[in-house]
Amino acid sequence: MEYRITDAEIRHIEQLEEIEKSCFSMPMTPEQLEKQLPDKMHQFLVAENDGGEVLGYVGMMYVLDEGYISNVAVKSQYRRLHIGAALIEELIKRSEELELSFLTLEVRKSNMPAQGLYRKFGFEEVGVRKNYYDFPKEDAIIMTKFKK
């Protein structure tokens, strides 16, 4: 499967909203997604095929030298094709260019595939947020990748 990773743009919002709805119990609204578009505080990347279909995305907000990953999502029919890994790899590259000292994220305690993917890139478990998620109520594992 061929695709490219590029900055998210306003033209992607509708597709991003659909991915949000299919992947998360409390999806971001189009307005929330639009506020995450790339600027001096955000990186927001999409994996897009030649037909303009968004296959997946990753978003990050950064403040000073700290990076906070908001969501990583891949359409269900495109999972296990290394798209999520490619998105995270590009985000890590950009975080290094921004000289961030760490990247951190929350992941559902039950989402073992995602935790495994993050560990592959050097994220480690650093804490737990009790009852962080709703629908269903669940703890979040805090995972962080520190600059080497």
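**Sheet, cores and selected residues of the predicted model**

His82 is exposed, with a relative accessible area of 59%. In this predicted model, His82 belongs to the loop that runs between S4 and H3. Its C-alpha atom is separated by 23 Å from that of Phe102, although the two residues are 20 residues apart along the chain. The description below turns from this loop to the sheet, then to the helices, the cores and the aromatic residues.

The strands form an open sheet of seven, in the order S1-S2-S3-S4-S5-S7-S6, and the pairing is mixed. Strand S1 (4-7) and strand S6 (124-133) are the edge strands, each pairing on one side only. From one strand to the next, the twist averages 25 degrees. In general, the strands of a sheet pair through backbone hydrogen bonds, in either the parallel or the antiparallel sense. For S2 and S3 the sense is antiparallel, and their pairing extends over seven bridges. Within this part of the sheet, Phe44 stands opposite Gly59 of S3.

Two helices can be placed against these strands. Helix H1 (residues 13-23) packs on the sheet and touches S2, S3 and S4. The direction of H1 makes about 90 degrees with that of S3. H4 lies across S4, S5, S6 and S7, and runs at about 165 degrees to S5.

Helix H3 has 15 residues. From its first C-alpha to its last H3 reaches 21 Å, close to the 21 Å expected at 1.5 Å a residue. Of the 15 residues of H3, 11 are buried, so the helix is largely enclosed by the rest of the structure. The buried set includes nonpolar residues such as Ile83, Leu87, Ile88, Leu91 and Ile92. Glu90, Arg94 and Ser95 are also among the buried residues of H3. After H3 comes Glu99, which has a positive phi, near 60 degrees.

Nonpolar side chains tend to be buried together in soluble globular proteins. The largest nonpolar core of the model has 26 residues, and Ile69, Tyr118 and Phe123 are those with the most contacts inside it. Two or more residues of this core come from each of strand S2 (42-48), strand S3 (54-63), strand S4 (66-74), helix H3 (83-97), strand S5 (102-108), helix H4 (112-120) and strand S7 (138-146). H3 gives the largest share of this core, six residues. With residues up to four places away in sequence not counted, Ile69 touches Val58, Gly59, Met60, Leu91, Leu103, Thr104, Leu105 and Phe123. Apart from the largest core lies another core, of 12 residues, among them Ile13, Leu16, Phe44 and Tyr57.

Ile13, one of the residues of this other core, has its place in helix H1. Ile13 is buried, with a relative accessible area of 9%. Not counting residues up to four places away in sequence, Ile13 touches Pro30, Leu33, Glu34 and Leu37. The C-alpha atoms of Ile13 and Tyr57 are separated by 11 Å, and the two residues are 44 residues apart along the chain.

His12 is found in the loop between S1 and H1. With a relative accessible area of 0%, His12 is buried, whereas His82 is exposed. When neighbours within four places in sequence are left aside, His12 is in contact with Asp7, Val46, Glu48 and Val54.

A search of the whole structure finds five aromatic pairs. One pair of rings is that of Phe102 and Phe146, with centres 6.4 Å apart and planes at 55 degrees, so this pair is tilted. The pair links distant parts of the chain, as Phe102 in strand S5 and Phe146 in strand S7 are 44 residues apart. Phe102 is buried, with a relative accessible area of 18%. Phe146 counts as partly exposed, at 42% relative accessibility. Together with Tyr68, Phe102 and Phe146 form one aromatic cluster.

Note on methods. Residues numbered from 1 in each chain as written. Predicted model: local features only at pLDDT ≥ 70, side-chain atom pairs only at ≥ 80, totals over all residues. Heavy atoms only, no water. Core = buried A, V, L, I, M, F, W, Y, C linked by side-chain atoms within 4.5 Å. Buried < 20%, exposed > 50% of the residue type's maximum accessible area, 1.4 Å probe, protein only. Helix = DSSP H or I, 4+ residues; strand = E, 2+ residues; numbered from the N terminus. Contact = heavy atoms within 4.5 Å. Expected span 1.5 Å × (residues − 1). Pairing = 2+ DSSP bridges. Axes fitted to C-alpha atoms, helices over the stretch in contact; angles between N-to-C directions. Phe/Tyr/Trp six-rings, centres within 6.5 Å; stacked < 30°, edge-to-face > 60°.
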